[in-house]
Amino acid sequence: MDHFTYNNGTLCAEDVPLDAIAAEVGTPFYCYSSATIERHFRVFTEALQPLPATLCYSVKANSNLAVIRTMAEMGAGADVVSGGELIRALKAGVPPERIVFSGVGKSKEEIAQAIDAGISQINVESEPEIAAINEVAAARGTKAPIALRINPDIDAGSHDKISTGRSEDKFGIEWTRAHEVFTAAAALPNVVPMGLAMHIGSQLANLQPFRDAFVRLRDVAAMLKADGLEIQTLDLGGGLGIPYDGSTLPTPAEYGAMVKDIFADLDYRLLFEPGRVIVGNAGILVTRVLYIKEGATRRFVILDAAMNDLMRPALYGAHHEMVAVADPGQSPREPADVVGPICETGDAFGNGVSLPPLKAGDLLAIRTAGAYGAVMASMYNSRALVPEVLVKDSNFAVVRERLGIEELLSHEKMPGWLPQTTR
Ligand code: LLP
């Protein structure tokens, strides 16, 4: 469920017509709905009640400050994977005691940053990383809370590039070594192992891999506990998928029921790191048709948005639904290849897409673009970095401005051996 619906012939974000935003902001732009973010956050929270759960929103999905703050205002924690994301989460108002830091390659500077901020736990993924944390904490005369991310060797059944829980993936410590590594960590003077963590992948379309992985996590935790090791937190990661094409996927309520089935009555604080399921369909990319080109064998709708603005189709072959902003009603659909201006054949949002008649100047909305959209945008081809707009009821605000070529060039310098000015 989202809040992008037609009203008086125009697609609106909540109560704001998208053509009005386009007229003011220009295209392309991302548009997010506060009501949709809030609703998804609430639904996920309710699905886990009455478990002792902390929802650490996975900032990588959409790290706009205003988006994070919308959830921080509702009590969200944050899952961060870089020093930059940590700064964002803190700046957005997420309390440090609700922040977890994940990722296979944290630098010592990032570890120091996390310790100084007093975050809840650092999820560690290797023994050298534990040693590094111990060293950084020792230099600061403190102890760092850590959790062992274990690799359960379970295939999430998702896209190969976003499955993370198989033994051949770079993530986590193999589950069969959890006891050994936890025991060694517990003997170090400057780290405090708090618990275990897991994340087996993203855009999971069914619950069985979650169930298998969670049962494994529960059993490993029980084994460690039985040996007198103290396990306070279990971080179950994120990964619940969303429908990009109208298909039926497990709901947060079904996910919550499965989690309760496995973890109810156990004495752990549970952490969750959902990203996509909260913000995915709370965002759209609004773009304008530049040209309709009748090719030799295909019809092309050429947009002013490109793969640098939304990479998912080019990178994963991902499907995103596209709709006209002006309500096309029942007009007959025509197939077209929807492409951007970038000089690569891979710069396409869909081939043979069934669309209403479109002409140059028309606005199109690319749906379900709130997660892994703006965060993965680049300035490839020296295109502007796409702006972001947040809507609340009948108000909208530009929450990230369009960054153009001037900003880009202001960071580039001529080396001394080249003329400083053009002749
Ligand atoms: N926790 C960890 C440790 C993660 O690595 C991720 C996502 C999440 C939580 C959040 O997962 P979610 O609930 O959003 O599925 N760029 C890709 C997705 C990459 C996901 C990376 N990790 C895409 O566009 O599909």
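Trainee: Which domains does the domain assignment of the protein give?

Mentor: The model is a predicted one. Its domain assignment splits the protein into two parts, one of them built from two segments. These are domain 1 (4–31 + 280–409) and domain 2 (34–278).

Trainee: How many residues of domain 1 are in contact with how many residues of domain 2?

Mentor: The C-alpha centres of domain 1 and domain 2 lie 32 Å apart. Contact is counted for heavy atoms within 4.5 Å. On that basis, the contact joins 22 residues of domain 1 to 23 residues of domain 2.

Trainee: Where does the ligand lie with respect to domain 1 and domain 2?

Mentor: The ligand sits in the largest pocket. Both domain 1 and domain 2 supply residues to the shell around the ligand, so the ligand lies between them.

Trainee: Which residues around the ligand come nearest?

Mentor: By class, the shell comprises five nonpolar, seven polar and six charged residues. Of these 18 residues, the nearest are Ser202, Glu273, Arg276, Arg312 and Tyr372.

Trainee: What percentage of the accessible area of the ligand does the protein cover?

Mentor: Side-chain N or O atoms approach the ligand at several points: an oxygen atom of the ligand is 3.4 Å from such an atom of Lys60, and an oxygen atom of the ligand is 2.4 Å from one of Ser202. For Glu273, the partner is a nitrogen atom of the ligand, at 2.5 Å. On its own, the ligand has 590 Å² of accessible area, and the share covered by the protein is 91%.

Technical notes: Residues numbered from 1 in each chain as written. Predicted model: local features only at pLDDT ≥ 70, side-chain atom pairs only at ≥ 80, totals over all residues. Heavy atoms only, no water. Near = heavy atom within 4 Å. Polar contact = N/O pair within 3.5 Å; in protein donor to acceptor, adjacent residues only side chain to side chain. Areas by Shrake-Rupley, 256 points an atom, 1.4 Å probe, with all protein chains shown as cover. 1 Å grid on protein atoms, 1.4 Å probe; cavity = no way out; pocket = protein on both sides within 12 Å on 5 of 7 lines; lining within 4 Å. Sits in = over half its atoms within 2 Å of the grid points. Nonpolar A, V, L, I, M, F, W, Y, C, P; charged D, E, K, R; others polar. Domains from an automatic or database assignment.
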